[in-house]
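User: Could you take a close look at one part of this model for me, the side of one chain that touches its partner? Some background on the chain itself would help too.

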Protein chains: 2
Amino acid sequence: MPRWKPDAPERLQTAALELFDHQGFERTTVAEIVQRAELTQRTFFNHFADKREVLFRLSSQLQQEIVREIEAGDDTLPPLDAVVRALEVVGDRMFEDRRALMARRYAIVAANPELQERELSKNAALTEAIATVLQARCGDAETAFLAAGAAMLAQQVAFRNWCRPGETRTLHDLLQDALRSLRTTVEPA
Amino acid sequence: MPRWKPDAPERLQTAALELFDHQGFERTTVAEIVQRAELTQRTFFNHFADKREVLFRLSSQLQQEIVREIEAGDDTLPPLDAVVRALEVVGDRMFEDRRALMARRYAIVAANPELQERELSKNAALTEAIATVLQARCGDAETAFLAAGAAMLAQQVAFRNWCRPGETRTLHDLLQDALRSLRTTVEPA
């Protein structure tokens, strides 16, 4: 990234989300996004293949950071707790101060089937990446996959609640709540 | 469906899966599928929009039957158990005697990113449909979503194991195993 414009991807994302929100994802062009962000099309295409990619700009960073946190974390924690701790740390770092932006993104993705499909793919890839790193720690592929899937399920509930208008609790706290609900739901009667 | 050809969709699916398996999904044409099934293109397009749909022909039936089983089931069961019981009953009825066909389908979908995306979408829609019917019973959207997601996670593990060459246990038994593993993974240390 050139040193004189370190915030281009974030400026492009903010501009894009505002436009998607006001006039719809389909009707927004790259030309409008760069105009609003006061950048050039060239800069846009240096960072993103298309306007859809703007919505997923944090996905690969998210995956890398979660995997790194699990690897660096306390390896005596049970697999599910190891993932939840990593989701908390990375959530605090990447999401907590971007709540309005993330909530807007959430609504845009939820309203568009094609974007939802892409979101499902990214989440499935993230689940597999988490399972892979867990398996290296716990040695069991099935436990690793179940812990990754269960953590992602709790995260999905927490993220949905965090994006609700009027909700003030942190993503961290909402993830702890969702984990407690999951445990209650899954424990034998 | 006309009375004189009640098995056309199944014949088309079997022919398609054999061809996808031997020569790949991309390289197989509808003309080849109908030739192998000894049916016409017209019959094919009466049942399926395209060759991809052949792989998903049981999806809407699966969803309807699972929802119906949950609605008809013992309403004193906890939500997760109600879903697992429905998955067992429907699995016994729809899948158990089609293991070779389903295992072949599983491998074809797993090898193709576009088909995998579609499978993820169908699974997400099934999870939502299960959550909706559970919510009508238990009154709580979050518990309903977590129970649906947890059951689908166990089902995913069970189905993957059931499709493994050499595995002889029933899908029903493998689902019970996966549910036990999930409970162990999720319970607090």
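Analyst: From the N terminus on, chain A runs α-α-α-α-α-α-α-α-α-α, that is, 10 helices and zero strands (DSSP runs numbered from the N terminus, with H or I over at least four residues for a helix and E over at least two for a strand). Bear in mind that this is a predicted model: local features need pLDDT of at least 70, side-chain atom pairs count only at pLDDT 80 or more, and totals for chains, interfaces and linings use all residues. Residues are numbered from 1 along each chain as its sequence is written, while chains are lettered from A and ligands numbered from 1 in the order in which they are written.

On overall shape, the C-alpha atoms of chain A fill a box of roughly 55 × 35 × 25 Å along the principal axes. A compact globule of 189 residues would have a radius of gyration near 16 Å, and chain A, at 18 Å, agrees with that (taken over C-alpha atoms; the rule is 2.2 Å times the number of residues to the power 0.38). Buried residues make up 31% of the 189 in chain A (buried meaning 20 or more other C-beta atoms within 10 Å of the residue's own, with C-beta atoms placed from the backbone).

Now for the part you asked about. 25 residues of chain A are in contact with 25 residues of chain B (contact: C-beta atoms, placed from the backbone, within 7 Å). Helix 6 (79-94), helix 8 (113-138), helix 9 (141-162) and helix 10 (171-186) of chain A each give two or more residues to that side. Helix 9 of chain A gives the most, with nine residues. By type, the side of chain A that touches chain B holds 15 nonpolar, five polar and five charged residues (Ala, Val, Leu, Ile, Met, Phe, Trp, Tyr, Cys and Pro count as nonpolar, Asp, Glu, Lys and Arg as charged, and the others, Gly among them, as polar).

How do the two copies relate? A rotation of 180 degrees with 0.0 Å of shift along its axis superposes chain A on chain B, RMSD 0.0 Å (least squares on C-alpha atoms of residues with pLDDT of at least 70 in both). That is the relation of a two-fold axis. The same surface serves both copies, as 100% of the contact residues of chain A recur in chain B.

Notes:
Buried ≥ 20, exposed ≤ 12 C-beta atoms within 10 Å, placed from the backbone. Contact = placed C-beta atoms within 7 Å.
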